[in-house]
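Got your viewer open and a selection tool ready? Let's walk through this one stop by stop, picking something new to click on each time.

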Protein chains: 2
Amino acid sequence: MINLLRKTFGFIFESTLIEEINKIGTLREVSAGEELIRFGEFIQGVPLMISGAVRVNRVYPDGNELFLYYIEEGDTCSMSFNCCTQQKKSEIRAIAEIDSQFIMIPVSKIESLIGKYSSWRQFVFSSYHNRMVEVVYALEKVAFEKLDDRLEEYLDQKSRITQSDSLQMTHQEIAEDLRTSRVVISRLLKKLEQMGKLKLQRNTIELIR
Amino acid sequence: MINLLRKTFGFIFESTLIEEINKIGTLREVSAGEELIRFGEFIQGVPLMISGAVRVNRVYPDGNELFLYYIEEGDTCSMSFNCCTQQKKSEIRAIAEIDSQFIMIPVSKIESLIGKYSSWRQFVFSSYHNRMVEVVYALEKVAFEKLDDRLEEYLDQKSRITQSDSLQMTHQEIAEDLRTSRVVISRLLKKLEQMGKLKLQRNTIELIR
DNA sequence: AAGGCTTTGTAACAATTGTTACATTAAATT
DNA sequence: AATTTAATGTAACAATTGTTACAAAGCCTT
């Protein structure tokens, strides 16, 4: 585990911090689709991403969900960070988008890390800021752009995250993420296909570059 | 100034911190409409709000703007916080919504406060989190709600911030904030008037409670 | 191969939001 | 008071997005 830690966080954390994280953290591996953080549960710890990609959704009591951001190698989830320090139930849900590795740092140790290591503080601050920038970006998309452009960006992002031009997903799933109906997505996808930007098959969307 | 500090921040900051802020900070007063932070400038410091309300907008190079959140008594602007530590030019604009007082803490002192005072760190963390929650809230509104509901909420928020049921603003200004056209806002306002929720006059919207 | 389930395609129509154009009214200026 | 300017009202129409309903196609199970 310490080698993974060094590889991903060696440039930002001093070696004493790396060693401490190695002691108190536990490496976890999840496969695509698995839930790291569930809605309504108390959060066990803060995840440090080693590899892969995890999507973070805001969840509302009525079951509604809203995509906030992805966390990838070197990131942490600043929303869960706060839940920890406040001992609150999770208002988010985190799902592995692809097979992923991360190190879980238990809640109980968070406070002392903040006190001891300035590089850890820096990391938490910049993590907060980066997540904020991404949520603002999401807001910007919804506020400024039409659905067809948002769909294109959505597909590009998926492709980047899954590292594939062949997206295995249904129109229904896309519709839920973009908060519209399946029919609307099918319609727009067909339009993009006619423009030669992609090819549609059952359960897959082949992006043409 | 120290009395204002004690009144607003006495419950979260230890007295040594209050005294230090009293030394290094400068009290500033702005009247409604004044700009506290301008787009593209280097940020001079982090504002601690004593009274009033300041709106924070994201600004894009093309001049487009997007409302992010208000900061009020006891708040700070977490976006400017990061600009400071990174020595970057401001990507936001802050405008006093009503007459306001705040204490400006110079960039140069920020780092040492973080190292010295855990209550300051707590404050910055929770400030980041609160702003995040507000931006997520804004995203939620745009993603889930129709324009007429968003307009009603917008008017309620304005009323709360300005502490008045008589809003001095034009339809054009509302349209810019909600990213739509003046005609659409006039139409919806007229509908709300017919529903008895408000009364329209030139330059003012009178909310009926 | 047949039947059932899921996914996708498509038409027709409704609702919402955006746009253009111009009239009307209120305030400000001369 | 007359003129100019800014703000609002309204109609007519366009574009986008949402909804319903059903057909067609692909996949899975037996």
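**Stop 1: where the chains meet**

Start by colouring chain A and chain B separately and selecting the contact between them, which takes 31 residues from chain A and 31 residues from chain B. Keep in mind as you look around that this is a predicted model. Together the two chains bury about 3000 Å², and 78% of that is on carbon and sulfur atoms. Now pick Phe125(A), Met132(A) and Leu139(A): within chain A, these lose the most area to chain B, together 24% of what that side buries.

Which parts of chain A each supply at least two residues of the side that touches chain B? Select strand 5 (65-72), helix 3 (78-86), helix 4 (107-116) and helix 5 (118-144) of chain A to see them. Leave helix 5 of chain A highlighted for a moment, as the largest share of that side, 16 residues, comes from there. Colour the side of chain A that touches chain B by residue class and you get 18 nonpolar, six polar and seven charged residues.

How many salt bridges does the rule find across the interface of chain A and chain B? Zero. Polar contacts are there to be found, though: the count between chain A and chain B is two residue pairs, both at pLDDT 80 or more.

**Stop 2: salt bridges inside the chains**

Widen the search to the whole structure and the count over all chains is 36 salt bridges. Zoom in on Arg160(A) and Glu72(A), whose side chains form one of them, 3.2 Å from N to O. Arg160(A) lies in helix 6 (residues 147-162) of chain A and Glu72(A) in strand 5 of chain A, so this pair ties together parts that are 88 residues apart in sequence. Switch on the surface and both ends are partly exposed: Arg160(A) has a relative accessible area of 47%, and Glu72(A) has 23%.

Hop over to chain B and select Arg160(B) with Glu72(B), another salt bridge, with the closest N and O atoms 3.2 Å apart. This pair links distant parts of the chain, as Arg160(B) is in helix 6 of chain B and Glu72(B) in strand 5 (residues 65-72) of chain B, 88 residues apart. Arg160(B) is partly exposed at 47% relative accessibility, and Glu72(B) is partly exposed with 24%.

Stay in chain B and pick Asp156(B) and Arg209(B), a salt bridge whose closest N and O atoms are 3.4 Å apart. Asp156(B) sits in helix 6 of chain B, while Arg209(B) is in the segment after strand 10 (204-207) of chain B, 53 residues away in sequence. Is each end buried or exposed? Asp156(B) is partly exposed at 39% relative accessibility, whereas Arg209(B) is exposed at 63%.

For a bigger selection, go back to chain A and click Glu35(A), Arg38(A), Glu41(A), Glu65(A) and Arg93(A), which salt bridges with shared partners join into one network.

**Stop 3: an arginine without a salt bridge**

Next, select Arg150(B), in helix 6 (residues 147-162) of chain B. Arg150(B) is buried but has no salt bridge: Glu145(B), the nearest side chain of opposite charge, is 6.6 Å away. What does the side chain of Arg150(B) reach at 3.5 Å? The backbone oxygen of Leu178(B). Leaving aside residues up to four places away in sequence, Arg150(B) touches Lys141(B), Val142(B), Glu145(B) and Leu178(B).

**Stop 4: loops worth a click**

Pick Arg179(A), in the loop between helix 7 (171-177) and helix 8 (182-194) of chain A. Most residues other than glycine have a negative phi. Arg179(A), not a glycine, has a positive phi of about 55 degrees. In chain B, select Arg179(B), in the loop between helix 7 (171-178) and helix 8 (182-194); its phi is positive too, near 60 degrees. Arg179(A) is partly exposed at 29% relative accessibility, and Arg179(B) is partly exposed at 28%.

Finish at Lys88(A), in the loop between helix 3 and strand 6 (92-96) of chain A. Lys88(A) is partly exposed, at 49% relative accessibility. Draw a distance from its C-alpha to that of Phe42(A): the two are 46 residues apart in sequence and 6.4 Å apart in space. Not counting residues up to four places away in sequence, Lys88(A) touches Glu41(A), Phe42(A), Ile43(A) and Cys83(A).

Notes
Residues numbered from 1 in each chain as written. Chains lettered and ligands numbered in written order. Predicted model: local features only at pLDDT ≥ 70, side-chain atom pairs only at ≥ 80, totals over all residues. Heavy atoms only, no water. Contact = heavy atoms within 4.5 Å. Buried area = accessible area lost by both parts, 1.4 Å probe. Salt bridge = Lys/Arg side-chain N within 4 Å of Asp/Glu carboxyl O. Polar contact = N/O pair within 3.5 Å; in protein donor to acceptor, adjacent residues only side chain to side chain. Helix = DSSP H or I, 4+ residues; strand = E, 2+ residues; numbered from the N terminus. Nonpolar A, V, L, I, M, F, W, Y, C, P; charged D, E, K, R; others polar. Buried < 20%, exposed > 50% of the residue type's maximum accessible area, 1.4 Å probe, protein only. Lys, Arg positive; Asp, Glu negative; His and termini not counted.
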